[in-house]
Amino acid sequence: DYHRLYTSLKYIGADFVDKLDTNVVRGYDILWINRNCVTSPATLSLWREMFGLKIVFDLDDSLVIPDHYPGSQKMKPLVGKVVDRLIEADWVVVSTKDLVKEVLPYNTNVSVIPNRIDYKYFKCKEETFKEFSQRKIRVGFIGAFTHYYDWKEIKGWMKTLVSNPYFKENCEFVMGGYNDTAKEYWRDFADLGKFIKSLSVNEYLRLFQEFDIILCPLVDNQFNRAKSSLRVLEAGTHNCVCILDSLYKDKSDCPDLGHIYVNKDKDWFDEPLRLVQNRLNLWQLKNWTGIKARQLDFQEIVKMRKEVLTNVKEVKKIETKYDIYSIRYDDKQPYEYKDYLNKVKTVQEKSWRFEYNVMLDVIPKSDTKGWMGLMSWKFPLKTLISKKKLEYILNNNEGYDCIVLCKHLNQPYLRFTEKQHPGFMYLFTQVCK
């Protein structure tokens, strides 16, 4: 996200913070957030009402996490939180067309902005053919341990490659991105060559200067199909030639930087060996890769982000005639809806994307213990009698004990975890006045 967001948004004059709070967002017109934003959807919506904000959510990874994926137990619980933010956003930006399909069920305001690197900040060390001929050619893979199964899929071919007599004499196998916290994954590749430790996000691209040829396998699944071609762009910063899995052929964001596609499994052995056996051709291909990378127009991406800012400012609230809903509490089905006033049927027609709806909870007795409710923002009915939009309740005494504000979402996504918020009454006043 450093190269996806920071390097492009800074051209627009954006300010960057690691943590959001009310004092930070006050005075801004647009919040551009990504999956690392921990601010709850409830708070984001509150800020929208308080300050008239528009919210842009930037997504660069699939919501479909494979069961066997390293770290999936930690990542899967986060998917729901990402979905909540997709729903809450006024506009969503994704990196690939495949991600659009995943976003559309939750938000129809979507733009595709591919990843791009501002190459003017990365000067590759110039190397003559004579200098290149006097050192070993560096072949390997690079990335986080989450690529474990991608690398594991071609482990046999990599083992065969490093055992080849010509390769052993003229090349070395390197693996970049090693981290001690994931050594249980990395140790499976220790017999191939040497590890290079990972660097911080803003220094990460320096690792690519340790490579001449990068192997980029991908297991065929939805997560990888939706993944962008960022690795190819990163390789271009230091003139690295990529050998790509055939899955990259269908990626519309994959630029032509001299990479080579694998057509059959044995190519993971044949193609790198073919390249290293012709040093002059490899040296020329490396230089050509660097030239092609620097011909990519980074300002095109900046322009696309400016267009999103223009579009999101034009997003209008979806006005619904009424916004009072009833939820009857039941132990067996706590989220059973009974719409008294608002008769809209589709998710897109509801006002959940732009403001809170007034929700009512039936509680058997006011002193019932242990009931958590949808949210803990509960107030006695007597404190709300004067609100005009509660006239229906007062005229049709249904015996409601409390009222909460909550997005009207389809059942799987009706979840908020905030227990309190000092701005609640402000928001309530804005919705009910």
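This report walks through a predicted model of one protein chain, from its overall build to a few individual residues.

## The chain as a whole

Let's start with the big picture. The protein chain has 433 residues, and 52% of them count as buried. Along the chain there are 17 helices and 15 strands. Contacts often link distant parts of the sequence: among those between residues at least 6 apart, 73% join residues at least 24 apart.

How confident is the predictor? The pLDDT of the protein chain averages 76, and 72% of the residues score at least 70. In residues 319-433, however, the pLDDT is below 50, although this stretch has 228 contacts in the model beyond near neighbours in sequence. It is worth keeping that in mind while looking at this part of the picture.

## Two covered helices

Helix H1, made of residues 2-9, is a good place to begin a tour. It is mostly covered, with six of its eight residues buried. These are His 3, Arg 4, Leu 5, Thr 7, Ser 8 and Leu 9. Where does the cover for these buried residues of H1 come from? It includes three strands, E1 (30-34), E2 (54-59) and E3 (91-94), together with helix H15 (298-313).

Further along the chain comes helix H13, which spans residues 267-276. Eight of its 10 residues are buried, so the helix is largely enclosed by the rest of the structure. The buried residues of H13 are Asp 267, Trp 268, Phe 269, Glu 271, Pro 272, Leu 273, Leu 275 and Val 276.

## Cysteines without a bond

There are zero disulfides in this structure. Why does Cys 124 form none? The closest cysteine sulfur, in Cys 240, is 7.5 Å from the sulfur of Cys 124, which is too far for a bond; a disulfide needs the two sulfur atoms to be within 2.5 Å. Cys 124 is partly exposed, with a relative accessible area of 22%.

Cys 242 tells a similar story. Its sulfur is 4.1 Å from that of Cys 216, the closest cysteine sulfur, and this too is too far for a bond. Cys 242 is buried, with a relative accessible area of 3%.

## Spaces inside and at the surface

Now for the empty spaces. Rolling a probe the size of a water molecule over the atoms reveals where such space is left. Across the whole structure, a search finds four cavities of 30 Å³ or more. The largest cavity holds about 50 Å³ of space. Its lining is made up of His 68, Tyr 69, Pro 70, Thr 146, Tyr 149, Asp 150, Val 219, Asn 221 and Asn 224. By class, these lining residues are four nonpolar, four polar and one charged.

The second largest pocket has a volume of about 480 Å³. It is lined by 19 residues, and nearest its centre lie Cys 124, Lys 125, Glu 126, Glu 127 and His 238. Which helix gives the most to this lining? Helix H14 (residues 279-293) does, with five residues. The lining of this pocket has 10 charged residues, along with five polar and four nonpolar ones.

## Three residues up close

Phe 173 sits in strand E6, which covers residues 171-178. Is Phe 173 buried or exposed? Phe 173 is buried, with a relative accessible area of 4%. Leaving aside neighbours within four places in sequence, its contacts include Val 139, Phe 141, Met 158, Val 162, Phe 167, Leu 192 and Leu 215. The C-alpha atoms of Phe 173 and Ile 137 are 8.6 Å apart, although 36 residues separate the two along the chain.

Asn 239 belongs to the loop between helix H12 (230-235) and strand E9 (241-244). Asn 239 has a positive phi of about 55°, although it is not a glycine. It is also buried, with a relative accessible area of 11%.

Lys 264 is found in another loop, between strand E10 (260-261) and H13. This lysine is partly exposed, with a relative accessible area of 48%. Its C-alpha atom is separated by 9.3 Å from that of Asp 245, which is 19 residues away along the chain.

Technical notes
Residues numbered from 1 in each chain as written. Predicted model: local features only at pLDDT ≥ 70, side-chain atom pairs only at ≥ 80, totals over all residues. Heavy atoms only, no water. Buried < 20%, exposed > 50% of the residue type's maximum accessible area, 1.4 Å probe, protein only. 1 Å grid on protein atoms, 1.4 Å probe; cavity = no way out; pocket = protein on both sides within 12 Å on 5 of 7 lines; lining within 4 Å. Points joined across faces, edges and corners; volume = space filled by probe spheres on them. Nonpolar A, V, L, I, M, F, W, Y, C, P; charged D, E, K, R; others polar. pLDDT = per-residue confidence, 0-100. Contact = heavy atoms within 4.5 Å. Helix = DSSP H or I, 4+ residues; strand = E, 2+ residues; numbered from the N terminus.
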